[in-house]
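Let's look at a protein model together and ask how its labels are earned. Keep the structure open while you read.

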Amino acid sequence: MWRGNSAGGNQGAAMEGTGGELGEQRNWGLEDAPGLLARASLPIMPAWPLPLASSALTLLLGALTSLFLWYCYRLGSQDMQALGAGSRAGAVGGRPGGCSEASRPSSGCSGESGEGPRTEGLVSRRLRAYARRYSWAGMGRVRRAAQGGPSPGGGPGVLGIQRPGLLFLPDLPSAPFVPREAQRHDVELLESSFPAILRDFGAVSWDFSGTTPLPRGWSPPLAPGCYQLLLYQAGRCQPSNCRRCPGAYRALRGLRSFMSANTFGNAGFSVLLPGARLEGRCGPTNARVRCHLGLKIPPGCELVVGGEPQCWAEGHCLLVDDSFLHTVAHNGSPEDGPRVVFIVDLWHPNVAGAERQALDFVFAPDP
């Protein structure tokens, strides 16, 4: 039996009024049961209304998404700016010059042209963009090259005769001529393709008199008596020329170390007329090796690299590090005809795979 207090007559009013609370210490009677049941059956309202909480959560998620998208946009914009700058810098140092024996049309050693200091910051920024996207693993030499300028300490290279104009990769074995065994697969593939490549040259050849307009696909001479038809120029395929030279293009596609996605990479026919001469030049980087496949080699032709003379042979490859000071000459008579070689830029055999990937990213051709 529930017992009420002295104010039992007012208990029902206390339950239904605003003064009665379930947490108060009070003695309840049986007559209070209906009021208790009615109070217990009321819905319990949350302290934070559900519609308002859902709206706040939606706003928070939207703000986080917007912040993430803004961050991605800023990161992509910086990468694209660095890519454009690096590509323009690579195009300056990677375009073929002369008769494709040299990489720059200016005379003298390109290391003295001042391109290295101006592009050093661009290369470093592009390399940092690569590291953010991938990793710094295996990038020690490339990082030092990006920070150190075109040659060790910004000064002359080996004996002052190796002066790459844009990128000097340290600790690479340096020699004017590279042994054939260093690129055995690619050398043997090009030499086995000699008949097909020679036929392709015959299909696109002309009289080289200079008195008629240049045929389609041939580049304007960058020096008197010097002509070239490129299948790849600064890492970009030239589709019309590749279609006209299917044998040469097929051979390029089979090479393992062709710099086909880098502004340092070129491939094509180089023609030097009798009496033409290209004085001392240096290429843009020591990270590549130029492979010369002799197609037509008349008497009186010579190639001097780093003070060492050599000559081409028809159907055979000659591997040249064109970052060394080099001179090309055709001292034959007009009756001997032009000297013709097929030139392909290959990776230096001592550049590691991770370094090649990073340099392809830094010196990617313009889209």
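A strand here is a DSSP run of E with at least two residues, and two strands pair if DSSP finds at least two bridges between them. Keep in mind that this model is predicted.

Q: What makes β3 and β4 a pair?
A: Pairing needs at least two bridges. Two bridges join β3 to β4 (residues 236–237), so the requirement is met, and the strands run antiparallel. Gln233 stands opposite Arg236 in β4. These strands form a hairpin with two residues between them, and Ala234 in the turn has a positive phi of about 50°.

Q: How do you know that β2 and β3 pair as well?
A: The cut-off is at least two bridges, and three join β2 (residues 218–223) to β3, so they pair, again antiparallel. Trp218 stands opposite Leu229 in β3. This hairpin also has two residues between its strands, with Gly225 in the turn at a positive phi of about 75°.

Q: How many bridges link β3 and β5?
A: Six bridges link β3 to β5 (residues 267–272), in the antiparallel sense. Cys226 stands opposite Leu272 in β5.

Q: Why is β3 called mostly covered?
A: A residue counts as buried when its relative accessible area is under 20%. Seven of the eight residues in β3 (226–233) are buried, so the strand is described as mostly covered.

Q: Which residues have the most contacts inside the largest nonpolar core?
A: They are Leu190, Phe269 and Phe342, in a core of 35 residues. Elements giving two or more residues to this core include β3 and β5.

Methods: Residues numbered from 1 in each chain as written. Predicted model: local features only at pLDDT ≥ 70, side-chain atom pairs only at ≥ 80, totals over all residues. Heavy atoms only, no water. Buried < 20%, exposed > 50% of the residue type's maximum accessible area, 1.4 Å probe, protein only. Helix = DSSP H or I, 4+ residues; strand = E, 2+ residues; numbered from the N terminus. Core = buried A, V, L, I, M, F, W, Y, C linked by side-chain atoms within 4.5 Å.
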